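Thank you for making time this morning. I would like to take you through one model, beginning with its strands and ending with its overall dimensions.

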Amino acid sequence: QVQLVQSGGGLVQPEGSLRLSCEVSGVTLDYSTIGWFRQAPGKGREGIAVIGNFGGGIDRDYADFVRGRFTVSRDSAKNTVYLQMSRLRPADTAVYYCAANHNPGFNSNWRRENEYVYWGQGTQVTVSS
């Protein structure tokens, strides 16, 4: 049984930083792609970052509006994926989710929700002064 357990999040001031964690069980990261999504109030869920495998190494991609501010990484020993968020803006306020599938690599569709089978419980990130 695949489970994703999220931690982190909370309230942060603009230009601050936060790190989210997603502990994965039931599938190893070498054989899975992990996506990060967020859903702001009144909006749909949007893909913001992804980490998977390619050519024996790690592959990553980001939505343009977080590129350069957010970094996705993983610790294979802990089977945990991280989303380090910096220079946060009020517009980043949302519930953040991690998601997993059984595909080692990803393609240009990684931002679509239906690319993933398993989801974390979500964690609130609020950026406000």
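Before I point at any residue, let me fix one term, since I will shortly speak of residues standing opposite one another across strands: two strands are taken as paired if DSSP finds at least two bridges between them. Please also keep in mind throughout that what you see is a predicted model.

With that in place, look at strand S4, residues 34–39, which has neighbours on two sides that I want to discuss. S4 is joined by six bridges to S9, and the two run antiparallel; within this pairing, phenylalanine 37 stands opposite tyrosine 97 of S9. Six bridges also join S4 to strand S5, residues 45–54, again in an antiparallel arrangement, and here isoleucine 34 has isoleucine 51 of S5 as its bridge partner. The hairpin formed by S4 and S5 has five residues between its strands, and in that hairpin glycine 42 adopts a positive phi near 80°. Five of the six residues in S4 are buried, and therefore this strand is largely enclosed by the rest of the structure.

Strand S9 brings us to the cysteines. How many disulfides does a search of the whole structure find? It finds one, and that disulfide joins cysteine 22 to cysteine 98, with an S to S distance of 2.1 Å. Because cysteine 22 lies in strand S3, residues 18–25, while cysteine 98 lies in S9, residues 94–100, the pair ties together parts that are 76 residues apart in sequence. The torsion about their S-S bond is about 75°, so the disulfide is right-handed. As for their surroundings, both cysteine 22 and cysteine 98 are buried.

Let me now step back to the whole chain. The protein contains 11 strands and zero helices, and its radius of gyration is 14 Å, close to the 14 Å that the globule rule gives for 129 residues, so the protein is as compact as a globular protein of that length. Along the principal axes, the C-alpha atoms fill a box of roughly 40 × 25 × 25 Å. Of the 129 residues, 43% count as buried. If we take the contacts with a separation of 6 or more, residues 24 or more positions apart account for 60% of them. Finally, the protein exposes about 6,500 Å², of which carbon and sulfur atoms supply 46%.

That is where I will stop, and I am glad to return to any of these strands in discussion.

Notes: Residues numbered from 1 in each chain as written. Predicted model: local features only at pLDDT ≥ 70, side-chain atom pairs only at ≥ 80, totals over all residues. Heavy atoms only, no water. Disulfide = S-S within 2.5 Å. Helix = DSSP H or I, 4+ residues; strand = E, 2+ residues; numbered from the N terminus. Buried < 20%, exposed > 50% of the residue type's maximum accessible area, 1.4 Å probe, protein only. Rg over C-alpha atoms; globule rule 2.2 N^0.38 Å. Contact = heavy atoms within 4.5 Å. Areas by Shrake-Rupley, 256 points an atom, 1.4 Å probe, with all protein chains shown as cover.
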